[in-house]
Every structure is written in C-alpha cells, then in structure tokens.
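Got your viewer open and ready to click? Let's take a walk through this structure, one selection at a time.

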Amino acid sequence: MNVLIIGGTGLISTGIVQALRERGATITVFNRSQTDDRIGPGIRRLSGDRKDFPAFENTMTAAAPWDVVIDMICFRPDEAESDLRAFAGRCGQFIFCSTVCTYGNTQTVVPTLETTSQAPHSRYGRDKLACEQLFLRAHANQKMAVTIIRPSHTYGPGGGIINNLNTDATFLERLRRGRPIVVSGDGHGLWQSAYSDDVGRGFAYAAANPRCLGQAYNAVADEVVTWDQYVQRTAAALGAPAPWLVHLPTDFLLAVAPQRYAGLAEIFRFHGVYSNAKLKRDVPEFRLTTPYEEGVRRTAAWMDQHGRSPAPEENALEDRLVAAWDKFTAESVKAFVSKS
Ligand SMILES: NC(=O)c1ccc[n+]([C@@H]2O[C@H](COP(=O)([O-])OP(=O)(O)OC[C@H]3O[C@@H](n4cnc5c(N)ncnc54)[C@H](OP(=O)(O)O)[C@@H]3O)[C@@H](O)[C@H]2O)c1
C-alpha cells in the first residue's frame, strides 16, 4: 500500500505514520520540513507548502499515483479544490481529516452521531464542512473515492494539554503549583479527549478499507468526563495536588476577555460528546488503548523536554478573576442576607 500523508509530522499524523508502518505500507509525507520530526527513518519525504497551489499540484501529479492520500491539513475550500486538481484520478482513496466542529456544538443529540445534522457556528467548522461537501460531491460524481474522518479533541506528544478555557500552556504548571483552576459554568460540561496515536490508528486502518469509501466517521475517545473530572484526572496524572477548582459563569468570562476565551465561546462551553461506534464497526483496529493518565504523562514529559509548559505569571488573569469573583460574591451574599 502506497500512502501519501499531507502533513505527516504533526500531532495526529505521527500516530498515523506509526500505524501505517505496522501495516507495512510505503509511506510518503509532504510538509515544509519545519516541524520537529518524530517519525523516524524509512519514510519518503516531499517538501513544499500546500498553500502554494501550482507548486503543490505539480509535485503531487509528478509523484502520483497513490493507493491512499490522507490530507491532515486541509482547512479551507480553496485547499480542497487544490486537492481535487492534484488527486482526482490519481489515488484509490482520499481521506480528509475534518473535525467534529462541523456539527456545531449546540445540537442536543448526545452522543452526536455521523447522521446528526451539521450546523457549524465557528469559521473553522464552516470551512471544514464546505471542504467535506466538496469532497463528498467528488465521490458521488465518481471523480475520487473519499473518506471523511472527524476527530474531536486529540492530545499527545507534539501537542499540548488544553484546559476548559483555552489552550493556555501554563495549565500544567498552574496544577503543579496548586494555583486556582477556573472551569466555566458548574464544571459539569461533558468532554472527550483522545490520545493521538489511538486516533492515528483509526486513520491508518481506514486506509484501503472498502467499507470506508464514501463514509464519514467520528474519531473520538470512549470515555466521557465532566470538566471537573478532566482537571482532577490531569492533576492526578501529573502527581500534582488535588486541584483548586473555581467555577465562574461563562458569560462573565466572555465579557471580561472575549479574545482570550474565544475557544470557550466556540467550543468548550458546549458539551462535546460524540459516538465512535461507526468507526469501531468499520475499522475494528481502531481501539482506544491509551489510558488518559498515561497519555497525559507522556504529553507532559514531551512538553517539559521541549520547554512547552511555562510557569504562569504572578497575578495572571485567572488569579485576578478568581479574587474579583470571590470578593464580589462574598459582598453580594452578605448584602442580600442582611436585607432579607
Ligand atoms: N488536535 C485536535 O484536537 C483536533 C481536533 C479535531 C480535528 N483536528 C484536525 O487534525 C488536523 C491536524 O492534524 P495533525 O495534528 O496531524 O497536524 P498538525 O499537528 O497540525 O501538523 C501539521 C503537519 O502539517 C505540516 N504543515 C503545516 N502547514 C503546512 C503547509 N502550509 N504546507 C505543508 N505542510 C504543512 C506540518 O509540518 P511542517 O510544519 O514541517 O510543514 C506537520 O507535518 C487538522 O485537520 C485539524 O482540523 C485536530
């Protein structure tokens, strides 16, 4: 099996390469040779920028044909159109890495199935959905056999550990130092986080799998946790003290720092619970084998080694918010009780 990965050295891509290697595939990666590389020897490398469409398409058509092409970094319809020019008629299967953000997060189907209607509210989700539609149209018109895979939150070495508010890298050190951890709402929002190598295995075994042609799949974890549990388990995995959880209203956080908490507005304030049953049915090799705590330990070790877990500033925004909220609620409760 001759497989091209566009990307190939990133977070999920690295797990795909590992699993394809297990399958004995001949692997080529295309990227700009900028990202720190963890994929090891025996991989053919093509270098270039996928945003330079003419050069990208020339490189791809010269190197074709491929049994399978996996595009990990297509985000916009113009990139999808470039893929169609490069690969239609030149690959046996095209796998597009999409996202669960194509559903939009306000639907109330829990867990969200692949048949749930898609109504994305973020630019990211809308663009990914437009790409999906272009690819599925090409599949329906028999121009290119397509598979869509929609990861939800995926973490691992090469990436980071998010928190409920954003992707602030100081989260690990805040936990280790026992600093307050702000969680929006009442901490009962639901969340799934999958380990990168496990998700990568789903992509690798969907490759050259006839059941997957023309299909879309969620590639998500089995476990569903509340955000409070997420923080508590992350702290336990790090050997950090039991976390000092502080619940603040989402609207308050967004009023104070809308830019900083853009991820909260678009994603983290909503339940994120998706079914992986369809992918497990069609790709039985897709199994979530990495316990969350083990995945956190591996990711934290990588972040520490690479200087990606900086210390929080003294009196950082979250500390000031907690202090302000404590003062406000204490005074409000006192005033209310004295009047009633
Ligand atoms: N992680 C999550 O929580 C999550 C959730 C849902 C969906 N996803 C989807 O997962 C995908 C990301 O997968 P990933 O984690 O494997 O990728 P990644 O970590 O974002 O890695 C990016 C890869 O693409 C290469 N690259 C970046 N820009 C490029 C360009 N302009 N031209 C050529 N190569 C380029 C990088 O190498 P160079 O830097 O060397 O070029 C690297 O190999 C995205 O499609 C995203 O929407 C992720």
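Before we start, one definition: two strands count as a pair if DSSP finds at least two bridges between them. Also keep in mind that this is a predicted model.

**Stop 1: a first pair of strands.** Select residues 2–6, which is strand S1, and then residues 26–31, strand S2. These two run parallel and are joined over 5 bridges. For one of the partnerships, click asparagine 2: its bridge partner in S2 is threonine 26. As background, strands of a sheet pair through backbone hydrogen bonds, either parallel or antiparallel.

**Stop 2: the whole sheet.** Now widen the selection. S1 and S2 belong to an open sheet of 7 strands, and the pairing is parallel. Reading across, the order is S3-S2-S1-S4-S5-S6-S11. Which strands are at the edges? Select 44–47 and 216–219: those are S3 and S11, and each pairs on one side only. Look along the sheet and you'll see that neighbouring strands are turned by 20 degrees against each other on average, ignoring direction.

**Stop 3: helices on the sheet.** Add residues 123–140, helix H4, which packs on the sheet and touches S5 (91–97) and S6 (146–151). The direction of H4 makes about 155 degrees with that of S6. Next, add helix H6, residues 196–206. H6 packs on the sheet too, touching S4 (66–71), S5, S6 and S11, and its direction makes about 175 degrees with that of S6.

**Stop 4: the core.** In soluble globular proteins, nonpolar side chains tend to be buried together. Here the largest nonpolar core has 82 residues, and Ile5, Ile70 and Ala207 touch the most other members. Helix H1 (residues 11–22) gives the most to this core, with 6 residues. Zoom in on isoleucine 70: leaving out residues up to four places away in sequence, it touches Val3, Ile5, Ile16, Ile95, Phe203 and Ala207.

**Stop 5: the ligand.** Show the 23 residues around the ligand; Gly7, Gly10, Leu11, Asn31 and Arg32 come nearest. What is this shell made of? Its residues divide into 6 nonpolar, 13 polar and 4 charged. H1 turns up here as well, with the largest share of the shell, 3 residues.

**Stop 6: one more pair.** Finish with strand S8, residues 181–184. Are its faces covered or open? Both are covered: Ile181 and Val183 on one side, and Val182 and Ser184 on the other, are all buried. S8 pairs in the parallel sense with S13 (residues 245–248) over 4 bridges, and serine 184 stands opposite leucine 248 in S13.

Notes. Residues numbered from 1 in each chain as written. Predicted model: local features only at pLDDT ≥ 70, side-chain atom pairs only at ≥ 80, totals over all residues. Axes fitted to C-alpha atoms, helices over the stretch in contact; angles between N-to-C directions. Contact = placed C-beta atoms within 7 Å. Core = buried A, V, L, I, M, F, W, Y, C linked by C-beta atoms within 7 Å. Buried ≥ 20, exposed ≤ 12 C-beta atoms within 10 Å, placed from the backbone. Near = placed C-beta within 6 Å. Nonpolar A, V, L, I, M, F, W, Y, C, P; charged D, E, K, R; others polar.
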